[in-house]
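Me: I'm new to this structure and would like a close look at a single part of it. Could you walk me through the side of chain B that touches chain C?

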Amino acid sequence: MSGSLQLEVSDLRVQIAGHQGVVRPIDGVSLEIAPGEAVGLVGESGSGKSMTLKSILGLLPPDAKVTSGSVVFDGTDLTRLSHSRLNKIRGRRIAMIFQEPMSALNPVMRVGNQIAEGPRVHLGMSRAQSVERAMDLMRRVGIPEPERRFRAFPHEFSGGMRQRVMIAMALSCDPELILCDEPTTALDVTIQDQILRLLAQLCHESGTSLMFVTHDLPVVAQVCHKVAVMYAGRIVERGTVSEVFSQPLHPYTLDLLRSAPDIDHPGQSLVPIPGSPPSLTNPPSGCRFHPRCQFAEDDCKVSDPPLRLLEGGRATACLHYERCLDQIGADS
Amino acid sequence: MSAVSADPAPAPAPVPPPAVTRVRARRARWYRQPTLMTGLVLLAVIVFMCYGASLLTSFNPDTQNLEQPLLGLGQAGHLLGTDQEGRDTWARLLYGGQVDLRVAFIAVILPFILGTILGSLAGYFGGWADTVIMRIIDIVVAFPFFVLVIALVFVLGTGEKSIYIAITAIGWVSYARITRGEITVAKRQEYVLAAQSGGLSSLRIIGRHLLPNVVTQSIVYAMSDIVQDIIAIVTLSYLGLGIQPPTPDWGTMISAGQNFLTTQWQLTTIPGIAVVITGLALSLIGDGLADLLRTGGS
Amino acid sequence: MGRMSFVLRRLVLLVPTAVGVTIITFFMVHLIPGNPAVTILGQRANPSTVAALDKQLGLNQPLIEQYWLFIDRLFHGNLGQSLYYQVPVSSLITSHLPPTLWLLCYAAVLGVAISVPLATLAASRKDAVRDHVIRVVPLLGLGLPAFWFGLILQTWLGTKLRLFPVTGYGQGFTGHLHSMFLPALTVAVALCPVLIRSLRASMLGVLGAEFVTTARAKGVPAPRLLVRHVLRNAVIPAVTVLGINIGYLIGGTLIVEQVFAIPGLGSLMINAIFERDFTVIQSVALVYGVLVVLVNLLTDVAYVALDPRVRFDA
């Protein structure tokens, strides 16, 4: 089981025809998730991480299209599926949780009905059965008084509760994979923690895989086993969470770690990353990160390094990744 | 250019000032709006045809020819035939268009002016002026437009003048609402505060500063209002309460022709089509203007 | 319980408007200078007839007193006597009200039945061919004189093809459905342009909303998505638009009744205009005003019923 991959994204490229030219928000992304794994996808805003999730389920905006690459889920390439067949996978085998639960829930439909909708549509349950199931799910995610709360509307819930509703919706058909698009970013820190624990626990219990997109590094550390770092539409580093966070092999990952507050080193000053994310219509030549990279050398400006596999399942897209190891040695 | 030279008449290179380039860019966009241009062209064609009627037909709309009633299309030199009194339909259509268009355009301007004035006062000064005007608006709006128009025509008698008075008395309401809404928002803008602190009189502020910015919404609305007025005028005339014969008018043509719908259907159908096409042109202009304003044109 | 108090509060707010409606109808005839009786009877009227009317309507008394008299009579259901028919106006109103209400409801149903599918078709494929075609419909419809369209329908579907009766109200429920179809369709067609436009616009707005992406991510099939998620949200602003245009709709029935010889309030009003039957004109205008006010209330209630968010902060 651990050998077979559940989801394999291979060299995915997505293009949007914009006013100023063609934008490539995803320009060669490759990812893998094994059953039961929780994989994090981190990066700044605009790096293309949300769009990666959306392209897995075919939820791209109408003017965006997949130009090459594939998304293979359990043997089928999702990018080549017809709309109706894709619909059978959405919600049923792959579910998605969104960032802003107030706008992501239908404001005029009762919460319970929204949770019950999946089982009715995909599992062919009768109305009574789906209601039963919805209330059961509400209990599992920790919504109190499910019998009463079933008939409530989204605006009657707090942010944390609404996110629990979204989680219940995602779990409703027992999916094999759940895609999470910054599910805790819009929440209070204390609530964030609760929701993350809940997610981690539920997935652990049912063996569901997770793909977790966020710009918040500590969150990844809390929930995921593996992590991929994304920059300017590409993956620049991959590995397990402990490896990548303790020994980053890409200057961007290094910078990200240093700009995030670390509870274990409270006095440490934060180092923001200089510059701003590159334009996706005209990315820099050579390695895309080189204008902001502290280790940039001449060859970085010229050659565009691909994601190279190293031993132990790690991967990096930096030509001079050893410099990062030196840096960490110097820091500690 | 050649700054420090002692040359008596340096010829500066003709660089167009930025303002002109900007205006040129706006105008280019104005031309490129297909909806607006189609509407304007169509309206221009209609107006030309109606007011150039003498060029398009040699017949007089009032001349009766009882020897040749109810001729069909193209018979005896009558492009669209004749009505039951032998009058040429094509001529009546064109000259009638003159009347209907003229009355409708005038009937739109009066409520526009009245409504804009009252709406500005209500919006700018607020307070009891606002309350009173809004209450009146609520009440007028509580009646169906046409019911009030018809009742007023009863009171005032039939004919053109009554139409103007009736439509003005009821139609100002929409313009007042639009203007009031816009001004209530606009008066909080910085340039108004600047004008107020500069000691300008309220009237001047409203007239010179606020209104020019705010009047565009009303103009867009006016386009659909003209259509509504044309329909109201034509309906009144159909009932015999509007434009009185022998003045030609599309409404009276429809009414006169309704008994012959199964035989000479063009008598009633054609004037109605004329109304629809005119309405189409005006709606296109209104939509085009609205689009232009939305995308930040002039 | 919040709902009940909302409705009651709206009713209370409508009272000043209703009062204003009575004031306007009352003062209609007093608006022009000169003797109101002369206005009613016309310039050439016999002076003794004028004097008699003066007495009958109490026109020599101060205005305020006349108004109080009017209101007092109104609350007792007394709308005066028809000058032409010589029967109480209230009985005329009661007998003529049902056909008008029938026409209104029928037209509203037809209007919605036509507009909703068209708007949905247009919005679901924005800028496609069918969207552009459907968008032309309101452009033509706005300039369409209702009575003219009615005449055309009457001739083609009635006289020539003999599918529907050309005039009259019909007998019994199915009779009404049959006889009133053409007039109701005429009024509905006058309503469609506004409805199609606003519904299409609000649907486009909803289609771009996040919760629609969520529903798509759940794999909700397209028909269910359109109805339970998109439409259900999009109707809310459209109901408001419908309410605003209801005055126009009711005005449309006036002329359509005349064309199809339907014995409703509209025909009553138009006859009264020609016969200079002032009491009838005044009362019918009043009834129309009240109708509009009531329908606006209904729209507000419908809005509250449809949008659960509003209930709690109204």
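Reply: Here is a walk through that side of chain B, followed by the core. This is a predicted model, in which local features need pLDDT of at least 70 and side-chain atom pairs count only at pLDDT 80 or more, while totals for chains, interfaces and linings use all residues. Residues are numbered from 1 along each chain as its sequence is written, and chains are lettered from A in the order in which they are written.

Let's start with the contacts. On this side, 36 residues of chain B are in contact with 38 residues of chain C (in contact means that their C-beta atoms, placed from the backbone, lie within 7 Å). Helices H5 (127–141), H6 (145–156), H9 and H11 (266–294) of chain B are the elements that give two or more residues to this side; helices here are DSSP runs of H or I, at least four residues, numbered from the N terminus. H11(B) gives the most, with 10 residues. By kind, the side of chain B divides into 24 nonpolar, 10 polar and 2 charged residues (Ala, Val, Leu, Ile, Met, Phe, Trp, Tyr, Cys and Pro count as nonpolar, Asp, Glu, Lys and Arg as charged, and the others, Gly among them, as polar).

Now for the core. The largest nonpolar core has 244 residues, and A:Met211, A:Phe212 and B:Val149 touch the most other members. Such a core is a set of buried Ala, Val, Leu, Ile, Met, Phe, Trp, Tyr and Cys residues joined through C-beta atoms within 7 Å, where buried means 20 or more other C-beta atoms within 10 Å. Helix H9 (residues 202–239) of chain B brings the largest share of this core, 17 residues. Not counting residues up to four places away in sequence, B:Val149 touches B:Ala166, B:Ile167, B:Ile170 and B:Ala232.

Note on methods:
Buried ≥ 20, exposed ≤ 12 C-beta atoms within 10 Å, placed from the backbone. Contact = placed C-beta atoms within 7 Å.
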